[in-house]
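User: Could you take a close look at the interior of this model for me? I'd like one connected walk through it, including where a residue stops counting as part of the inside.

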Amino acid sequence: QGRGADRALMPLELRRTAFQFLALAVCIITAAIPAVCPARDHVDGFDGAKPSWTMLYDRSGVRLSKHERSLDVRREGKAAELFDVQVNVESTLLQLVYQLPMARLIDDMQLSLWFQSTQDGATLAARVVFPNQVDPETGAPLMLLVEGDAYTKVGQWQKLNCLDIDRKVRQMLPQIRRRMQKAGAGGDIDVTGRYVDTAVVSIRSSRGNSRFVVDALRFGPIV
């Protein structure tokens, strides 16, 4: 009771000053505590009706005969994304491209998906962008494809992983420096702010018909 009475008897101006000091102390303490952003994974089961992958190919030698969400051919969930192609040349490169949520590259970041095909020769990769480093050969920000697992189990579902992305990028940097120096770029590579924004499945395909199916993509952690 005495403490409450003392507070009640404190002059109004003094009480205001004490409150202001208390508010300031709370602000200082709050500012000193680092913000914690919970990490999360981006998961896509490709269960909706609208396809989300894009195929890049040479239209003069390849025909994309089907691109859909398949309810029949799937690894899990309700659907998967399916491509049927007809290749009319001896050899060509096909690329399946998926836009990931842009995420800062950190040590334990990884990318995975399930893949099925009637042929081998597919490799999963993550695209890393260096927003503060210009590639002298393109004039655009420097971009790298960091490769992961290759598909080998023809006709079966196989999980493809792209692990240790940041470590692989660091291993690639000496080679990239040499390439950029030959192109006339001086100084070191600015690696600040690097991020991952795209999943790519690259497929070296030959003449004939092929099918590619993608399911259950996971990417993260995103912070």
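Analyst: Let's settle the wording before going in: a residue is buried when its relative accessible area is under 20%, exposed when that area is over 50%, and partly exposed in between. Thr192 makes a handy test case, since its relative accessible area is 44%, and so it counts as partly exposed. You'll find Thr192 in the loop between helix 3 and strand 9. Apart from sequence neighbours within four places, Thr192 is in contact with Pro131 and Asn132. Pro131 sits 61 residues away along the chain, yet its C-alpha atom is 7.9 Å from that of Thr192.

Keep in mind that this is a predicted model. It has 223 residues, and 38% of them count as buried. The accessible surface is about 13100 Å², with carbon and sulfur atoms making up 53% of it. There are three helices and nine strands, and from the N terminus the order is α-α-β-β-β-β-β-β-β-β-α-β. Take the contacts between residues 6 or more positions apart: 75% of them join residues with a separation of 24 or more.

Now for the inside itself. In soluble globular proteins, nonpolar side chains tend to be buried together. Here, the largest nonpolar core has 46 residues, and the members touching the most others are Trp53, Leu96, Phe115 and Leu217. Several elements supply at least two residues each, among them strand 2 (53–56), strand 4 (80–104), strand 5 (110–117) and helix 3 (165–182). Strand 9 gives the most, with nine residues. A second, separate core holds six residues, including Trp114, Trp157, Val213 and Ala216. Trp114 also has a charged visitor: Arg75 lies over the face of its ring, at 3.8 Å from the ring centre.

Phe115 is a good place to zoom in. Leaving out residues up to four places away, it touches Leu96 and Ala122, then Tyr151, Gln156, Trp157, Gln158 and Leu160, and further along Val201, Ile203, Phe212, Val213 and Val214. What about Gln116, buried or exposed? This residue of strand 5 has a relative accessible area of 17%, so it is buried, under the 20% cut-off. Beyond four places in sequence, Gln116 is in contact with Val73, Tyr151, Gly155, Gln156, Trp157, Arg211, Phe212 and Val213. Tyr151, Gln156, Trp157, Phe212 and Val213 turn up in the contacts of both Phe115 and Gln116.

Strand 5 pairs antiparallel with strand 8 through five bridges, and one of the matched positions is Ser112 with Asn161. Strand 8 is mostly covered, with four of its five residues buried.

Strand 4 is worth following for its partners. It runs antiparallel to strand 9 over 18 bridges, with Leu82 opposite Val213. Eight bridges join it to strand 3 (residues 62–70), again antiparallel, and there Ser70 has Ala80 as its bridge partner. Strand 2 is joined to strand 4 by four bridges, also antiparallel, with Thr54 opposite Val97. If you trace any of these by eye, remember that in a regular strand the side chains alternate between the two faces of the sheet.

One last stop is the aromatics. How many aromatic pairs does a search of the whole structure find? The count is five. One of them is Phe46 with Tyr98, set edge-to-face, with 5.8 Å from centre to centre and 80° between the planes. Phe46 belongs to the loop between strand 1 (40–44) and strand 2, while Tyr98 is in strand 4, so the pair links distant parts of the chain, 52 residues apart. Both rings belong to buried residues: Phe46 has a relative accessible area of 0%, and Tyr98 comes in at 4%. Phe46 and Tyr98 form one aromatic cluster together with Trp53, and Trp53 is one of the residues touching the most other members of the largest core.

How values were computed: Residues are numbered from 1 along each chain as its sequence is written. This is a predicted model: local features need pLDDT of at least 70, side-chain atom pairs count only at pLDDT 80 or more; totals for chains, interfaces and linings use all residues. Side-chain values use heavy atoms; hydrogens and water are left out. A nonpolar core is a set of buried Ala, Val, Leu, Ile, Met, Phe, Trp, Tyr and Cys residues joined through side-chain atoms within 4.5 Å. Buried means under 20% relative accessible area, exposed over 50%, partly exposed in between (1.4 Å probe, protein chains only). Contact means heavy atoms within 4.5 Å. Accessible areas come from the Shrake-Rupley method with a 1.4 Å probe; for residues, only the protein chains shown count as cover. Two strands pair if DSSP finds at least two bridges between them. Rings of Phe, Tyr and Trp (its six-membered ring) pair if their centres lie within 6.5 Å; planes under 30 degrees apart count as stacked, over 60 as edge-to-face and the rest as tilted. A charge sits over a ring if NZ of Lys or CZ of Arg is within 6 Å of the ring centre and within 35 degrees of the ring normal.
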